[in-house]
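This report concerns helix packing and nonpolar cores. The sequence and the structure are shown first.

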Amino acid sequence: MKKNIVILISGGGSNMAAIVRTAQQQDWEGRHGVRVAAVLSNRESAQGLEFARSQGIATQAIDHRAHATRESFDAALAAAIDAYEPALVVLAGFMRILTEGFVAHYAGRLVNIHPSLLPAFPGLHTHQRAIDAGCKVAGATVHQVTADLDAGPIVAQGVVPVLPGDTAEALAARVLAQEHAIYPPAVLGLLINP
């Protein structure tokens with residue numbers, strides 16, 4: 001039985017690309033029946049859509065600005081996602097706060113990656129906050145999405161050191177490399193070891 005993944009992005013989609021490349025290199029479809037079925041964005045200009053198309057993956061943009069309410073946008077987004085019958089919906093730099101109804105619709109099938117070691121530093125500006133707090137380590141967390149921001153059950157974490165004199169940008173680059181390492185196996189694990 002095929003297990004479809006739908007990935008949501010808003011920009012360059014580097015985590016999406018890491019998942020797609022890993023799926024190809026490890027032959028997820030042949031070995032596990034798992035495939036990236038579609039990449040969707042709330043921005044037509046999201047560079048990641050071009051990468052997905054170049055890999056033969058279906059893409060679609062649903063412009064959030066065309067919807068009067070968050071609920072209306074989320075309903076349109078869910079309809080587009082559901083056309084692919086996803087076993088898992090993966091947020092990969094999708095910069096929209098999702099409604100409780102949307103999150104409930106995909107309960108247990110919706111994951112995100114956050115650039116901190118949750119529960120520390122939910123929300124924005126995670127790298128500067130970690131530096132300001134004097135943390136010796138930082139990292140990334142793959143977690144199930146719940147109605148509470150960045151508070152769902154943790155699936156996987158990756159750790160990087162905070163170095164003396166670190167800037168938020170330098171730390172962010174190391175954390176992003178860690179995200180690319182931990183997100184693909186976490187996604188596959190959720191589908192083959194539920």
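At what angle do helix α1 and helix α3 pack, and how far apart are their axes? The model is predicted, with local features requiring pLDDT of at least 70 and side-chain atom pairs pLDDT 80 or more, whereas totals for chains, interfaces and linings use all residues. Residues are numbered from 1 along each chain as its sequence is written, and side-chain values use heavy atoms, without hydrogens and water.

Helix α1 (residues 14-25) packs against helix α3 (residues 47-54) at an angle of about 10°, with the axes 10 Å apart. α1 is therefore roughly parallel to α3 (an angle under 35 degrees). The crossing of α1 past α3 is left-handed (the near helix is turned anticlockwise from the far one by less than a right angle). The residues in contact (heavy atoms within 4.5 Å) are tabulated below.

| Helix | Contact residues |
|---|---|
| α1 | Met-16, Ala-17, Val-20, Arg-21 |
| α3 | Gly-48, Phe-51, Ala-52 |

By class, five residues of this contact are nonpolar, one is polar and one is charged.

The largest nonpolar core (buried residues joined through side-chain atoms within 4.5 Å; buried means under 20% relative accessible area, with a 1.4 Å probe and protein chains only) has 37 residues. Those with the most contacts inside this core are Ile-5, Ile-7, Met-16, Val-39, Val-90 and Tyr-183. Elements that each supply at least two of its residues include β1 (3-9), α1, α3 and α7 (168-192). The largest share, eight residues, comes from α7. Another core, apart from this one, has 19 residues, among them Leu-8, Leu-40, Phe-94 and Leu-98.

How values were computed:
Axes fitted to C-alpha atoms, helices over the stretch in contact; angles between N-to-C directions. Helix = DSSP H or I, 4+ residues; strand = E, 2+ residues; numbered from the N terminus. Parallel < 35°, antiparallel > 145°, perpendicular 65-115°, else oblique. Nonpolar A, V, L, I, M, F, W, Y, C, P; charged D, E, K, R; others polar. Buried < 20%, exposed > 50% of the residue type's maximum accessible area, 1.4 Å probe, protein only.
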